[in-house]
Amino acid sequence: TWRWQTAFLAPDRYAWTIETTGAPDRYVFDGTVVRAFIDDREVSADTSPAAPLRTHARFTAVTNLDALLLPAVRVSSLAPADLPPGVVAGIAATFVDDGSRYLVGVDDRRLVVWASGPVSFAPFDGGEVTVRFTDFRPAGRWILPYRTAYALAGRPLADERVLAACPGAPLTAEMFRSPGLIPSCPPMNI
């Protein structure tokens, strides 16, 4: 069991803190630079367009639907034959800059229940990640999935359960320069 916290600010700011037995591992993407920290001490910075955390940020932006209105994204409908079970409509979102393609599907309630696209886990294998979102609950003015099942290249990768959701947290772009600036989301009893 791993515990982590993620924070996202549209269109592409992303932070990920992973609890460890020692100081937490923290990663932030400010839209230009990916920085890695052990606790609050910066240990690396990466401006490469191929930085793995950028792929996490992009995948999150697509599944939250934030990226679909960006001028550099081309959106098309998926044919009914291309939809997995439980998905009634879907789209393909292709990014002009690198050609990366993401698929997103909704159920009959118009909730995003399925998505697929490239994610890097360097130095480990990356590739086509498929997610299934379930256990939807109200969180502020949103309805969010509290369970997510991840598969990599068709093989189970991870199951995620939300312990806390703070969708109205006051985030600013400047906070994504240092993980110590990202507010904590306290666990709930769920």
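**Aromatic pairs, a hairpin and a disulfide in the predicted model**

Ring pairs join W4, W16 and Y27 into a cluster. The structure described here is a predicted model. A search of the whole structure returns 4 aromatic pairs. In the pair of W4 and W16, the ring centres are 6.3 Å apart and the planes stand at 85 degrees, so the arrangement is edge-to-face. This pair links distant parts of the chain, since W4 belongs to strand β1 (residues 4-9) and W16 to strand β2 (residues 13-18), 12 residues apart. The two tryptophans fall into separate accessibility classes: W4 is partly exposed, at 34% relative accessibility, whereas W16 is buried, with a relative accessible area of 19%. The value for W16 places this residue in the buried class because that class comprises residues under 20% relative accessible area.

An edge-to-face geometry is also found for F95 and Y102, with 5.6 Å from centre to centre and 80 degrees between the planes. Both partners are buried: F95 has a relative accessible area of 5%, and Y102 has one of 2%. The ring of F95 takes part in a further arrangement, in which the charged end of R58 sits over this ring, 3.8 Å from its centre. F95 is thus paired with Y102 and also lies beneath the charged end of R58. A second arrangement of a charge over a ring involves R137, whose charged end sits over the ring of Y146 at 4.7 Å from the ring centre.

Strand β4 (residues 34-38) and strand β5 (residues 41-46) pair in the antiparallel sense, with 5 bridges between them. Within this pairing, F37 has E42 in β5 as its bridge partner. The hairpin of β4 and β5 has 2 residues between the strands, and D39 in this hairpin adopts a positive phi near 60 degrees.

D39 is also connected to R26, a residue of strand β3 (residues 25-29). A polar atom of the R26 side chain lies 3.3 Å from the backbone oxygen of D39. R26 is buried, at 17% relative accessibility. When neighbours within four places in sequence are left aside, the contacts of R26 include R35, A36 and F37, together with D39 and D40. The contacts of R26 further comprise W16 and T17, as well as P179 and G180. R26 therefore touches W16, a member of the aromatic cluster with W4 and Y27, and also F37, the bridge partner of E42.

The search for disulfides across the whole structure finds 1. This disulfide is formed by C166 and C185, with their sulfur atoms 1.9 Å apart. The angle about the S-S bond is 90 degrees, and the link between C166 and C185 is right-handed. C166 and C185 both lie in the segment after β12 (155-161), so the pair ties together parts that are 19 residues apart in sequence. A disulfide is a covalent bond between the sulfur atoms of two cysteines. The two cysteines fall on opposite sides of the limit for burial: C166 is partly exposed, with a relative accessible area of 34%, while C185 is buried, at 18% relative accessibility. The assignment of C185 to the buried class follows because its value is under 20%.

Methods
Residues numbered from 1 in each chain as written. Predicted model: local features only at pLDDT ≥ 70, side-chain atom pairs only at ≥ 80, totals over all residues. Heavy atoms only, no water. Phe/Tyr/Trp six-rings, centres within 6.5 Å; stacked < 30°, edge-to-face > 60°. Helix = DSSP H or I, 4+ residues; strand = E, 2+ residues; numbered from the N terminus. Buried < 20%, exposed > 50% of the residue type's maximum accessible area, 1.4 Å probe, protein only. Lys NZ or Arg CZ within 6 Å of the ring centre and 35° of its normal. Pairing = 2+ DSSP bridges. Disulfide = S-S within 2.5 Å. Polar contact = N/O pair within 3.5 Å; in protein donor to acceptor, adjacent residues only side chain to side chain. Contact = heavy atoms within 4.5 Å.
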